[in-house]
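Ready for some practice in reading a protein model? Work through the exercises below with the viewer open, and try each task before you look at its solution.

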Amino acid sequence: MQNPAVPELAHTTTRPIHWLATAAALAAVIAGSSFLQPDPANAAQPGSEPSGKSAAAPAPAPDADTVTYPITCGNAKPVVKKKASGDLDGDGRPETVAVVHCAAGSGTPPDGIYVITRATEGKPRVVATLVDPQDRQNVSDFAVRDGAITATLLGYSSTDVPRCCPDQQDDAKWQWKDGTFARSTPAAAHSV
């Protein structure tokens, strides 16, 4: 409640001049903002230099089903059991890692793990064998994540163990290091 003894303040009553001054100020801000525009936004990685050119779309990961694998299957054909893609060597282009075995009517054929890359031009090709089918192992829990390949390898302690029931398990991890895929988890089979 205002004390009647205090005179009314000028800013408590609006007059047409106040509205005119507000409209003029708002018009000046809008006009000024049309002259002061921010630079166009460019999506870029931190630390990269803007080039003014639009970047080409990243190359697709190599197709694991179009590659000839270094596996001997006799009359059977190689089958891609599992596959995953990711940039493993840090060059900005994805590689594909495939778990492959020979098609068999029954039993558990051994798996191989192969790294596939695509040259700048040309067909995809196998550039590394991480697990050879001759090692007589099966692959489970396979993944490509954060530049690393991980897998659980199931194997057999002797030829007397039935091929349906592996009795050894080994966790493996490979990463690109010094020009090769180095296994950072040592090969040491554990009984299951």
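**Exercise 1. A cysteine and its partner**

Does Cys73 count as buried or exposed? Work that out, then find the disulfide and describe what it links.

*Solution.* Keep in mind that this is a predicted model.

Step 1. Residues under 20% relative accessible area are called buried. Cys73 has 16% relative accessibility, so Cys73 counts as buried.

Step 2. Now look for the partner. The structure holds one disulfide, and it joins Cys73 to Cys102, with the sulfur atoms 2.0 Å apart. As a reminder, a disulfide is a covalent bond between the sulfur atoms of two cysteines.

Step 3. Check the handedness: the angle about the S-S bond is -85°, and the link of Cys73 and Cys102 is left-handed.

Step 4. Place both ends in the fold. Cys73 sits in the loop between helix H1 (16-35) and strand E1 (78-86), while Cys102 belongs to strand E2 (residues 95-102), so the bond ties together parts that are 29 residues apart in sequence.

Step 5. Test the partner as well. Cys102 has 16% relative accessibility, so Cys102 counts as buried.

**Exercise 2. The overall fold**

Which pattern does the protein follow along the sequence?

*Solution.* Step 1. Count the elements: there are one helix and nine strands.

Step 2. Put them in sequence order, and you get α-β-β-β-β-β-β-β-β-β.

Step 3. Add the burial figure: of the 192 residues in the protein, 26% are buried.

**Exercise 3. Inside the cores**

Which residues touch the most other members of the largest nonpolar core?

*Solution.* Step 1. Start with the general idea: in soluble globular proteins, nonpolar side chains tend to be buried together.

Step 2. The largest nonpolar core has 18 residues, and Ile113, Phe142, Ile149 and Trp174 touch the most other members. Two or more residues of this core come from each of E2, E3, E4, strand E5 (138-145), strand E6 (148-155) and strand E7 (168-177).

Step 3. Zoom in on Trp174. Leaving aside neighbours within four places in sequence, its contacts include Ile113, Leu130, Ile149, Leu153 and Phe181.

Step 4. Look for another core. A second, separate one has 10 residues, among them Tyr69, Val100, Cys102 and Ile116. You met Cys102 in the disulfide with Cys73.

**Exercise 4. A lysine in a strand**

How far apart in space are Lys82 and Phe142, C-alpha to C-alpha?

*Solution.* Step 1. Find Lys82 in strand E1.

Step 2. Lys82 and Phe142 are 60 residues apart in sequence, and their C-alpha atoms are 7.7 Å apart in space.

Step 3. List the contacts of Lys82, leaving aside neighbours within four places in sequence: Val97, Ala98, Val99, Val139, Ser140, Asp141 and Phe142.

Step 4. Judge exposure. Lys82 has 29% relative accessibility, so Lys82 counts as partly exposed.

**Exercise 5. A pocket and its lining**

How many nonpolar, polar and charged residues line the second largest pocket?

*Solution.* Step 1. Note the space: the second largest pocket holds about 180 Å³.

Step 2. Its lining includes Asp89, Asp91, Arg93, Glu95, Trp176 and Phe181. Strand E3 (112-118), strand E4 (124-131) and strand E8 (180-183) are the elements that give two or more residues to this lining.

Step 3. Sort the lining by class, and you find five nonpolar, two polar and four charged residues.

Note on methods. Residues numbered from 1 in each chain as written. Predicted model: local features only at pLDDT ≥ 70, side-chain atom pairs only at ≥ 80, totals over all residues. Heavy atoms only, no water. 1 Å grid on protein atoms, 1.4 Å probe; cavity = no way out; pocket = protein on both sides within 12 Å on 5 of 7 lines; lining within 4 Å. Points joined across faces, edges and corners; volume = space filled by probe spheres on them. Helix = DSSP H or I, 4+ residues; strand = E, 2+ residues; numbered from the N terminus. Nonpolar A, V, L, I, M, F, W, Y, C, P; charged D, E, K, R; others polar. Disulfide = S-S within 2.5 Å. Buried < 20%, exposed > 50% of the residue type's maximum accessible area, 1.4 Å probe, protein only. Core = buried A, V, L, I, M, F, W, Y, C linked by side-chain atoms within 4.5 Å. Contact = heavy atoms within 4.5 Å.
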